[in-house]
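Could you walk me through this model in my viewer? I would like to know what to select at each stop and what I will find there.

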Amino acid sequence: MAATIISGTQISQEIRQDIKQEVEAMKAQGFQPGLAVVLVGDDPASHVYVRNKEKACHDLGYYSEVHRLSADTSQEELLALVDKLNKQDNIHGILVQLPLPKQIEEKAVIDAISPQKDVDGFHPINVGNLMIGDESLLPCTPAGVIEMIKRTGIEMSGKHAVVIGRSNIVGKPVSMLLQRENATVTMCHSRTANMKELTQQADILVVAIGRANFVDASFIKPGAVVIDVGMNRLDNGKLAGDVDFESAKEVSGPITPVPGGVGPMTITMLMKNTLVAARRAHGLK
Ligand code: NAP
């Protein structure tokens, strides 16, 4: 039987419809969620990401500010802007687009963003709260992975989830969130021995390694859910996931494509986080 394709594009649209309605209700009460995006330098991919975020704000009725700073901006100048945005009442979320030019220390900037406005979920306070299960802003891509699994009606409780990749932005938080959903989680990385033996036991396999088409059908237990976080630009300009989709879908259960899988969920979860931050700032549940 052909595997079900989990469409991040479609799930994203559903979530955005819900967000739109809530924004309208908020506006009727005199509030509007506000997102500030800061871009430093000329990285072409970052410019595309920032434009997409600006468009999402426009489509959903958010107040938005985009600050485009030159590549030679100093750390002090950037921190001064973050400080200003931290104090602005009409801004509920601040996103500083990474990577930053080399004269700026990323950690200093992430640490300077108010945890209540840290809609990327990268601030140590939010990371710590995720770890201990307290209220926090969740990192967007991992939150998107969980939301996709939930909205596809897949039960996580009691399942064996295997995550390949242990980065701070994807692998580690996605593992914590799967555990929060009562899955039993195995984390794999570049030093894992006999990785296939582990992945072949996975009911849910999440792949976030940054190597095009690395995971083929031989890694996958028949019927397993496969979530591909990878976004790799091939020499021919095409985007490829970390999973060899054509091979994997022959044995897997529900599976995400690239593009059109996890990618669209990331911006949508950013918008959701901004809404959550705005709600909290106004004392709304
Ligand atoms: P990263 O920081 O480079 O981390 C890669 C992880 O994969 C590391 O933990 C590494 O292990 C592990 N790894 C690398 N090669 C491996 C191998 N052969 N076998 C097992 N594990 C291996 O990457 P990332 O930031 O997590 O991103 C991963 C992928 O997701 C990239 O393609 C990225 O573009 C994509 N991504 C997509 C989105 C989205 O919105 N869809 C968002 C973020 C990232 P070690 O720790 O041992 O080095």
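Start by selecting R166 in this predicted model. Buried or exposed? R166 counts as partly exposed because its relative accessibility is 41%, which falls between the 20% and 50% cut-offs. Zoom out a little and you will find R166 in the loop that runs between β4 (160–164) and α7 (171–180).

Next, show the contacts of R166. Which residues does R166 meet once neighbours within four places in sequence are set aside? They are G171, K172, M187, C188, H189 and R191.

Now move your selection to S167. This residue also sits in the loop between β4 and α7. With a relative accessibility of 33%, S167 counts as partly exposed. If you leave out residues up to four places away in sequence, S167 touches K172 and P173. Keep K172 on display for a moment: it is in contact with R166, and S167 touches it as well.

For the next stop, add G165 to the selection. The UniProt record, an unreviewed entry, places a "binding site" feature at G165, R166 and S167. From this set, R166 and S167 belong to the lining of the largest pocket, so a pocket surface is a handy thing to switch on here, because lining residues have an atom within 4 Å of a pocket point.

Finally, zoom out to the whole chain and colour by domain. The domain assignment gives domain 1 as 29–117 and domain 2 as 140–263. Draw a line between the two centres, taken over C-alpha atoms, and the separation is 29 Å.

Notes: Residues are numbered from 1 along each chain as its sequence is written. This is a predicted model: local features need pLDDT of at least 70, side-chain atom pairs count only at pLDDT 80 or more; totals for chains, interfaces and linings use all residues. Side-chain values use heavy atoms; hydrogens and water are left out. UniProt positions are given in the numbering used here, feature names are shortened, and annotations may be inferred rather than shown by experiment. On a 1 Å grid over the protein atoms alone, a cavity is a set of points where a 1.4 Å probe fits but cannot get out, and a pocket is an open set with protein on both sides within 12 Å along at least five of seven lines; lining residues have an atom within 4 Å of a point. Helices (H or I, at least four residues) and strands (E, at least two) are DSSP runs, numbered from the N terminus. Buried means under 20% relative accessible area, exposed over 50%, partly exposed in between (1.4 Å probe, protein chains only). Contact means heavy atoms within 4.5 Å. Domain bounds come from an automatic or database domain assignment.
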